[in-house]
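Trainee: I should like to go through this structure and ask how each label is justified.
Mentor: Please do; let us set each value against its criterion.

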Amino acid sequence: MGAWMSSGDTSTMWSATTDCIREAAREVLGVSTGVSGGHKGDWWWNEVVQGKMEAKKAAYLKLVESIDEKERRAWMERYKTTRKEAKLAVTEAKTAAYGRMYEELGKKAGRRSEEDAG
């Protein structure tokens, strides 16, 4: 029975309508557990990036822990170097991953154009 066939006040009709919409959505779309399989933004992440980020983190921790001014300056330089290396590794990994993705999308688009033409 649809919400338009129910009798009663507006609140009852509204509840019946929303229930119908939710039920239809569950049937068509399914139900999610609400937990994704991982981070959506790090699909390009690789072992090289992981290693560089760990080195950067280690250098930062040593920098924060250092007390002596001379030691602190040395760790600051090391941190700056590892930060630049990590940033470069991220850029390279993203560029390679997006290149592969665009290449694959281009192949799929080419196949679709051939199917439309044929």
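Mentor: From the N terminus on, the elements of the protein chain follow the order α-α-α. The chain has 3 helices and 0 strands. Please bear in mind that this is a predicted model.

Trainee: What share of the residues in the protein chain is buried?
Mentor: Buried residues account for 14% of the 118 residues.

Trainee: What makes the span of helix α1 close to the expected one?
Mentor: Helix α1 covers residues 10-29, which is 20 residues, and reaches 28 Å from its first C-alpha to its last. The expected value at 1.5 Å a residue is 28 Å. Just after α1, Gly30 adopts a positive phi of about 85 degrees.

Trainee: How does helix α2 fare when its reach is set against the expected value?
Mentor: Helix α2, residues 47-65, has 19 residues and reaches 27 Å between its first and last C-alpha, close to the 27 Å expected.

Trainee: Which residues of α2 are buried, and why are they placed on one side of α2?
Mentor: The buried residues of α2 are Val49, Ala59 and Leu63. They cover an arc of only 95 degrees around the axis, and therefore lie on the same side of α2. The face turned away from that buried side carries the exposed residues Glu47, Lys57 and Glu65.

Trainee: What makes Asn46 a cap of the N-terminal end of α2?
Mentor: A side-chain oxygen of Asn46 lies 3.1 Å from the backbone nitrogen of Val48. The cut-off for a polar contact is 3.5 Å, and the 3.1 Å of Asn46 satisfies it.

Trainee: Why is the pair Glu85 and Lys52 called a salt bridge?
Mentor: The closest N and O atoms of Glu85 and Lys52 are 3.9 Å apart. A salt bridge requires a side-chain nitrogen of Lys or Arg within 4 Å of a carboxyl oxygen of Asp or Glu, so the pair qualifies. The two residues link distant parts of the chain, with Glu85 in helix α3 and Lys52 in helix α2, 33 residues apart. The structure holds 1 salt bridge.

Trainee: Why do Glu85 and Lys52 count as partly exposed?
Mentor: Partly exposed lies between the limits of 20% and 50% relative accessible area. Glu85 has 34% relative accessibility and therefore counts as partly exposed. Lys52, at 30%, is likewise partly exposed.

Trainee: How do you know that Thr82 is buried?
Mentor: Thr82 is found in helix α3. Buried means under 20% relative accessible area, and Thr82 has 1%, so it counts as buried. The side chain of Thr82 reaches the backbone oxygen of Tyr79 at 2.9 Å.

Trainee: Is Tyr79 buried or exposed, and why?
Mentor: Tyr79, also a residue of helix α3, has a relative accessible area of 13% and is therefore buried. The C-alpha atoms of Tyr79 and Ala59 are separated by 5.1 Å, although the two residues are 20 residues apart along the chain.

Trainee: What makes Ala89 a buried residue?
Mentor: Ala89 lies in helix α3. The relative accessible area of Ala89 is 6%, so the residue is buried under the 20% limit. Ala89 and Val48 are 41 residues apart in sequence and 6.9 Å apart in space, C-alpha to C-alpha.

Trainee: Where is Asp42 found, and why is it called partly exposed?
Mentor: Asp42 is found in the loop between α1 and α2. Asp42 has 29% relative accessibility and therefore counts as partly exposed. Asp42 and Lys94 are 52 residues apart in sequence, with 9.3 Å between their C-alpha atoms.

Trainee: Which residues make the nonpolar surface patch, and what makes Leu105 eligible for it?
Mentor: Trp43, Tyr98, Tyr102 and Leu105 make this patch of about 440 Å². Leu105 is placed in helix α3, residues 69-117. A patch residue needs over 30% relative accessible area; Leu105 has 47%, so it passes that cut-off while counting as partly exposed.

Note on methods:
Residues numbered from 1 in each chain as written. Predicted model: local features only at pLDDT ≥ 70, side-chain atom pairs only at ≥ 80, totals over all residues. Heavy atoms only, no water. Patch = residues over 30% accessible without salt bridge, like charges linked within 9 Å, V, L, I, M, F, W, Y side chains within 5 Å. Areas by Shrake-Rupley, 256 points an atom, 1.4 Å probe, with all protein chains shown as cover. Helix = DSSP H or I, 4+ residues; strand = E, 2+ residues; numbered from the N terminus. Buried < 20%, exposed > 50% of the residue type's maximum accessible area, 1.4 Å probe, protein only. Expected span 1.5 Å × (residues − 1). Arc of directions from axis to C-beta. Polar contact = N/O pair within 3.5 Å; in protein donor to acceptor, adjacent residues only side chain to side chain.
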